[in-house]
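Please look through the sequence and the model below, and then follow the explanation from the interior outwards.

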Amino acid sequence: MILITIKQTVNAQPKQIISTLLDHQQLHRFFNAKFKLLQAQDEGQIKGGKGSVRQVKIGKITFSERIISADQNHICYQIVGDKPVANHRGDICLAANKEPNVTELNYYIRCSAPWWIPNALLKYVITKDITQALNNLNNYFLAGEI
């Protein structure tokens, strides 16, 4: 099992970050992937929240992610099935900082690598990609794109 923790300070309020990260079809602005919404959120849930299913395409690899839960301070998602990695679950937790419009973001990922990829290599690649995406997210807010 691989466990990854990435911490990032983002120059925005938690509700701005959550709504941006739940705008599935626009996630390509931050992540090196293409996204397509396959299923909308369950009735009564926040937009893009619980029940949403998005298709993720990274190069020739395509898979789906389901939002398990979402509120103004947390998003939990999982990969549907066991490809490209098994037992994948991501948790994005947000806490408002004492400074106005600053949020502490903690991104936790756990997954199992396929037998043919060393755990250390997969952890490095995921950490690098997520760190870059979170830097892009912060730059988006710093540029006043909201």
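**The nonpolar core and its surroundings**

In this predicted model, the largest nonpolar core holds 37 residues, and within that core Ile17, Leu105 and Tyr107 touch the most other members. At least two residues of this core come from each of strand E1 (2–10), helix H1 (14–21), strand E4 (61–71), strand E5 (74–80), strand E6 (86–96), strand E7 (103–112) and helix H2 (119–142). The largest share is that of H2, which supplies eight residues.

Tyr107 can serve as a point of entry: when its neighbours within four places in sequence are left aside, Tyr107 is in contact with Ile4, Thr5, Ile6, Tyr77, Asp91, Ile92, Ile130 and Leu134.

Stepping back to the whole chain, one finds two helices and seven strands, which follow one another along the sequence in the pattern β-α-β-β-β-β-β-β-α. Of the contacts between residues at least 6 apart in sequence, 46% join residues that are at least 24 apart.

As for overall dimensions, the C-alpha atoms fill a box of roughly 45 × 35 × 25 Å along the principal axes. The radius of gyration is 15 Å, which agrees with the value near 15 Å for a compact globule, because that is what would go with 146 residues.

Buried residues account for 40% of the 146 residues, while the accessible surface of the protein comes to about 8,400 Å², with 51% of that surface belonging to carbon and sulfur atoms. Turning finally to charge, the protein has 17 positive and 11 negative charges, and the mean positions of these two sets lie 6 Å apart.

Conventions:
Residues are numbered from 1 along each chain as its sequence is written. This is a predicted model: local features need pLDDT of at least 70, side-chain atom pairs count only at pLDDT 80 or more; totals for chains, interfaces and linings use all residues. Side-chain values use heavy atoms; hydrogens and water are left out. Helices (H or I, at least four residues) and strands (E, at least two) are DSSP runs, numbered from the N terminus. The radius of gyration is taken over C-alpha atoms; the globule rule is 2.2 Å times the number of residues to the power 0.38. Buried means under 20% relative accessible area, exposed over 50%, partly exposed in between (1.4 Å probe, protein chains only). Contact means heavy atoms within 4.5 Å. Accessible areas come from the Shrake-Rupley method with a 1.4 Å probe; for residues, only the protein chains shown count as cover. Lys and Arg count as positive and Asp and Glu as negative; His and the chain ends are not counted. The place of a charge is taken as NZ of Lys, CZ of Arg, CG of Asp or CD of Glu. A nonpolar core is a set of buried Ala, Val, Leu, Ile, Met, Phe, Trp, Tyr and Cys residues joined through side-chain atoms within 4.5 Å.
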